[in-house]
Amino acid sequence: MLGKGVVGGGGGTKGPKPSFVSYVRPEEIHTNEKEVTEKEVTLHLLPGEQLLCEASTVLKYVQEDSCQHGVYGRLVCTDFKIAFLGDDESALDNDETQFKNKVIGENDITLHCVDQIYGVFDEKKKTLFGQLKKYPEKLIIHCKDLRVFQFCLRYTKEEEVKRIVSGIIHHTQAPKLLKRLFLFSYATAAQNNTVTDPKNHTVMFDTLKDWCWELERTKGNMKYKAVSVNEGYKVCERLPAYFVVPTPLPEENVQRFQGHGIPIWCWSCHNGSALLKMSALPKEQDDGILQIQKSFLDGIYKTIHRPPYEIVKTEDVSSNFLSLQEIQTAYSKFKQLFLIDNSTEFWDTDIKWFSLLESSSWLDIIRRCLKKAIEITECMEAQNMNVLLLEENASDLCCLISSLVQLMMDPHCRTRIGFQSLIQKEWVMGGHCFLDRCNHLRQNDKEEHQRQLSLPLTQSKSSPKRGFFREETDHLIKNLLGKRISKLINSSDELQDNFREFYDSWHSKSTDYHGLLLPHIEGPEIKVWAQRYLRWIPEAQILGGGQVATMSKLLEMMEEVQSLQEKIDERHHSQQVPQAEAPCLLRNSARLSSLFPFALLQRHSSKPVLPTSGWKALGDEDDLAKREDEFVDLGDV
């Protein structure tokens, strides 16, 4: 086949070199077949998308072994994505394309998804940025979704190499103007299909009607109201044009501190309790201004805490929870476990997998976030209390915790449409700073390389600030609000007792998947989501294995039993022996992997998943690694 071959050299690590190196350029082989192939593989462009540069005769390496198997094709760069057009794409069968992304292909990388770009010069891997004096023979792209792409440019024309490498570096790393982002071109060119029925489509929360519909759906319209005071973003750009506040709250209060210090409604429970969020008031030093802020907060407080009918509990996630720096550091370590360039690197680090995973602290952060969400769920569900989330801008951890709580408590949010609406409400309209967090404009590229994550470089240690109530207002808190605030914050012992009783009680009952759902948060239960983080690593997949493959095999057996039963019934009624027919098997479990459907069906063989120590103990050249997985007997290993 034209598109596949073995290429020597160019790897980032020194492995055993092949005994044969071809000096024939790929474009000199089967010229007629090449012309047919290029006609079959076309570049699919979205409305408003433009082709910027391209290079032919590029080999995309298959991350499989040190022999560097590759697929021949074209590498292109548009104002939206980097795409590789290989000649094997047209050969995908229907089973493989049924889970295909309709916008982004298997070999497509959106420009904003590019994390790091490396070049290989004489088997040395270097980071690429700015103007290059020398161009690499191999291009390695690390993506923010943990994919790793490797392209061999050794057989590409020199001018095409310069254009494609320079184009990719410029359009993924150079600073941009906001209006030059692809989304503006797409919005202009694409048709505007306005949807009016929120029941069957994603709710965008960009109209007053959408918020009123959500209030009615959650039965929160008795205590809360949708307001349009920020229509046209005339009060604050951080808040959405329309949002929901407590009914007793005067709308003019929203304008007083540009939306700060205002309880914003997130969601209402079936028992009437509600989840709210609030951003901190501006930091001030003057005692007179602090007194004004205190008086303002005191009035706001009376609208959400009216015992015994309504009781509110505060959760200050700015000071009493994780810091953004902790999350940033942990994820930076965690993601390095999955950015694997080659098989050698995978098997060499496999033996340290659990220690590296533990040292990243990422799973512990996941557990703490889930635990915090369950604590809030317990307050709302069991104690019928309102919960107010406090954060500096109410646009980072507030978005996260609020989303988790709604996923646990609201079955609608666990549907496809409901989940999309939740993301739109809590993250997009909730004011999460995607532009800054993801550095889409590349305004500070040095900072982006330092943090290695879509989060801002904030303080290097946990913030001493108290979020809603600043350090400067500590004396006011104690003297003026101390008694009132103390009623809102339960002691830690009492909280832990209530939480454990609620948690254990729920898990002791049978699960109602249409009601409240609580995840397990014990240490061993917090595991790496393999289908998310390992789906791009062939060595981590079990061919013909996993839960999906097992279920598929059971269905095959059931179909065969059903077919045999039908033959028996037919023979019993007709007293005639029918001709033997092979059972109709609609599935092929041997081609599935443990990461299906997030990873496509496997078309390449890979080494079986074994611990490194066991793998190296096999020794010989003629070992399990040289055989196809379906013929491997792991019983004695």
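**View 1. The residue that follows helix α5 in this predicted model.** Just after α5, K219 adopts a positive phi of about 60°. The helix itself, α5, spans residues 208-217, and its buried residues are D210, W211, W213, E214 and L215. Among the elements that cover these buried residues of α5 are the strands β10 (224-227), β11 (243-246) and β12 (264-268), together with the helix α13 (416-428).

**View 2. Surroundings of E214 in helix α5.** E214 has a relative accessible area of 4%, and because this is under the 20% cut-off, the residue counts as buried. When neighbours within four places in sequence are left aside, E214 is in contact with F205, W265, W267 and K425.

**View 3. The largest nonpolar core, with F334 and M380.** This core holds 58 residues, of which F334 and M380 touch the most other members. At least two residues of this core are supplied by each of β6 (114-121), β12, α8 (324-335), α9 (343-350), α11 (362-381), β15 (386-391), α12 (397-409) and α17 (492-507). Helix α11 gives the largest share, ten residues, and at least three residues of the core are drawn from each of domain 1 (51-90 + 101-185) and domain 2 (208-442).

**View 4. Contacts of F334, and another core.** Not counting residues up to four places away in sequence, F334 touches L357, S360, W362, V528 and Y533. Apart from the largest nonpolar core lies another core, of 34 residues, whose members include L215, Y224, L239 and M278.

Conventions. Residues numbered from 1 in each chain as written. Predicted model: local features only at pLDDT ≥ 70, side-chain atom pairs only at ≥ 80, totals over all residues. Heavy atoms only, no water. Buried < 20%, exposed > 50% of the residue type's maximum accessible area, 1.4 Å probe, protein only. Helix = DSSP H or I, 4+ residues; strand = E, 2+ residues; numbered from the N terminus. Contact = heavy atoms within 4.5 Å. Core = buried A, V, L, I, M, F, W, Y, C linked by side-chain atoms within 4.5 Å. Domains from an automatic or database assignment.
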